[in-house]
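Reader: I should like a close look at a single loop, followed outward into whatever surrounds it. Please keep the account connected, so that each part leads to the next.

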Amino acid sequence: MNKKASRFISCVLLLSLSVFCIAPMAPKEVHAAQPNTRPKNGNHGQAPAPASSRPGKGGNMRPGVATPLPNLTAQQMALFQEGKALFEKHFMDNEGLGPRFNGRSCIECHHNPMINGVQTIGGFGAGYRSNLRFHNEPTDLTGTLFHEKAIRNLPLPPIPDASLISKRRPFTLLGAGMIDAISDEAILANQATSGGRAAMVDGQLFRFGSQAHVKSLFDFVVGALFAELGLTSPVHGFTSEPVNPDLPLNLQSRIPQPNVTMDTVQKMVDFIALLAPPVPATPATAQQVADIRSGEQIFRGIGCARCHVPTYQTRAVALPPGQMGPSPVVWPALLNKEIRPYSDFLLHNLGSTLDDGVTLGVARSFEYRTPPLWGVQSRHNILMHDGRANNLHHAILYHGGEAAGSRREYLSLNGANRHLLITFLESL
Ligand code: HEC
Ligand code: HEC
């Protein structure tokens, strides 16, 4: 029986016993969940948390469910919960939303609908929402974010004719704090082995986003508040949005400037930073354990691990507060942990098929950051930067350019070995 079928059946079994199958995903319960018990390879250098006695725990084992890191202090747990509430909060016009925006809340796009339709934080799922980036410039290929909504029916600027449009699917936010906590040196060292290019801006390494166009989790949160919700934050460059003169005067005067406080920004950052990374599937049988292990050997053997670098040890020491604001990499829960994200966090040219003519940051239009493969089991039908591959096999076939050799080797595998490789990927 495959794992989805077994999950479904255990869910149905639980449902028939009680409503506990739904209980852990009810809004108040998700963040109060006990830490997951992880199989060994998903353990971040910590002893697995004791198995919870709550009967609904099975729900939290699903990838994509917002579970805090294990062993948080009561104070950290409180921050996690406050940040989660802000992440799910629907911002209103009189709080400074917009005037043009894509969502009233972060969770509108960073959700992951489960079998019972309750939204949880992860980033993917049926009916997922993406961004559109466009440009119609012959030389500057930088993509402008398209805004789909506006307050008070203000006009929306159209996408100019003859624009190039690039769709971008959201990432899972699970484990983003751990990615922030990887040292620059570890990522830069990958250049020699994977052949990728570090996204350097003014001597600083950028690692987040589909084209490694954002430096840190903090910057991404500030950027998302501004770009997706139209909310200004009290950080350099974001304080000066003029009040829209088209708005009624009484609304103009009520809007706080900047729109959100540093406390709000920091709590959102802390919430994301304290989210536990995706949980690898727990194999039910010895055969499945062996298959996953063989699949991983094939993954390494045909060169996938060259770019999808499996393991890191996060920084041992906290970072000093950054230029843009306090650093989230201060939590002991993020430091000196072994993580398995499967990425080199560098830019690669995978050939012209993936080149949609739009760039972000210092990447060229044909360069994309290697996405971490952790959690791929919960997004196996929404793959590559624009979600163009709807299964893992197709995702591999879209690998050309620097990865053409790996694709060739994949295609020369026999059916059984291809299946083992996919089984391994499906376990992540
Ligand atoms: C309209 C949809 C939408 C909304 C609303 C939205 N995001 Fe995103 N988010 C995206 C997409 C799409 C990406 C991937 C962009 C890319 O890199 O191409 C993304 C990426 C991110 C990332 C980077 C993850 C990584 O590993 O690189 C972070 C962090 C993030 N969003 C945080 C937020 C926060 C915080 C909010 C609320 C303030 C928010 N997002 C609101 C669509 C959205
Ligand atoms: C030269 C570096 C490189 C090699 C080698 C490589 N990949 Fe990738 N992989 C990437 C990049 C870059 C992307 C993102 C492309 C995009 O976003 O359009 C990617 C995307 C993926 C994705 C989609 C993940 C997601 O979240 O959308 C999967 C799955 C994947 N690779 C698996 C593999 C497998 C399996 C192999 C070996 C057969 C492999 N890759 C070899 C660089 C590489």
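Author: Helices and strands here are DSSP runs numbered from the N terminus, a helix having at least four residues in state H or I and a strand at least two in state E. The loop chosen lies between helix H8 (249–254) and H9, and Pro258 is found in it. The model is a predicted one. Within this loop, the peptide bond that joins Gln257 to Pro258 is cis, with omega at about -15°.

The loop leads into helix H9 (262–273), which is one of the elements giving two or more residues to the shell around ligand 1. That shell comprises 27 residues, and the closest of them are Gly103, Cys106, Cys109, Gly209 and Ser210. Helix H7 (217–229) is another element giving at least two residues to the shell, and H7 makes the greatest contribution, with seven residues. By class, the shell around ligand 1 holds 15 nonpolar, seven polar and five charged residues.

H9 has a helical partner as well. Two packed helices are described by the angle and the distance between their axes. The axis of helix H4 (residues 74–88) comes within 7 Å of that of H9, and the two cross at roughly 110°. Because an angle from 65 to 115 degrees counts as roughly perpendicular, H4 is assigned to that class relative to H9. On the H4 side the contact consists of Leu79, Phe80, Glu82, Gly83, Lys84, Leu86 and Phe87, while H9 supplies Thr264, Lys267, Met268, Asp270 and Phe271. Sorted by class, this contact has six nonpolar, two polar and four charged residues.

H4 leads on to another cis peptide bond. The loop between H4 and strand S1 (100–101) contains Pro99, and Gly98 is joined to Pro99 in the cis form, with omega at about 10°.

The second ligand provides the next point of reference. Ligand 2 is surrounded by 29 residues, with Cys304, Cys307, Leu383, His385 and Ala403 the closest. At least two residues of its shell come from each of helix H11 (304–307), helix H12 (392–397) and helix H13 (404–411). The classes represented are 18 nonpolar, nine polar and two charged residues.

From H11 the path leads to helix H6 (184–194). The buried residues of H6 pack against H11 and against strand S7 (204–206). These buried residues are Ile187, Asn190 and Ser194. They lie on the same side of H6, because they span an arc of only 40° around its axis. Exposed residues Glu185 and Ala192 are carried on the face of H6 turned away from that side.

Gly195 follows H6 and has a positive phi, near 80°. Its place is the loop that runs from H6 to strand S6 (199–201). Gly195 counts as partly exposed because its C-beta neighbours inside 10 Å number 15. Its C-alpha atom is 9.9 Å from that of Asn349, although 154 residues separate the two along the chain.

Positive phi values also occur in residues other than glycine. Phe345 is one of them, with phi at about 60°, and it is located in the loop between strand S9 (338–339) and strand S10 (347–349). With 28 C-beta neighbours inside 10 Å, Phe345 is therefore classed as buried. Asn153 has a positive phi near 55°, in the loop between strand S4 (149–150) and strand S5 (164–168). Asn153 counts as exposed because it has 7 C-beta neighbours inside 10 Å.

A further helix pair may be set beside H4 and H9. Helix H10 (residues 286–301) and helix H14 (residues 415–427) have axes that come within 7 Å and cross at roughly 105°, and the two helices are therefore roughly perpendicular. H10 contributes Asp291, Ile292, Ser294, Gly295, Glu296, Ile298 and Phe299 to the contact, and H14 contributes Asn417, Leu420, Leu421, Thr423, Phe424 and Ser427. Six of the residues in this contact are nonpolar, five polar and two charged.

These parts belong to a chain with 14 helices and eleven strands. Of its 428 residues, 42% are buried. Among contacts between residues at least 6 apart in sequence, 73% join residues at least 24 apart.

Definitions and conventions. Residues are numbered from 1 along each chain as its sequence is written. Chains are lettered from A and ligands numbered from 1 in the order in which they are written. This is a predicted model: local features need pLDDT of at least 70, side-chain atom pairs count only at pLDDT 80 or more; totals for chains, interfaces and linings use all residues. A residue is buried if 20 or more other C-beta atoms lie within 10 Å of its own, exposed if 12 or fewer, and partly exposed in between; C-beta atoms are placed from the backbone. Two residues are in contact if their C-beta atoms, placed from the backbone, lie within 7 Å. A residue is near a molecule or strand if its C-beta atom, placed from the backbone, lies within 6 Å of it. Ala, Val, Leu, Ile, Met, Phe, Trp, Tyr, Cys and Pro count as nonpolar, Asp, Glu, Lys and Arg as charged, and the others, Gly among them, as polar. The arc is that of the directions from the helix axis to the C-beta atoms. Axes are lines fitted to C-alpha atoms, for helices over the stretch in contact, and angles run from 0 to 180 degrees between N-to-C directions. Angles under 35 degrees count as roughly parallel, over 145 as roughly antiparallel, 65 to 115 as roughly perpendicular and the rest as oblique.
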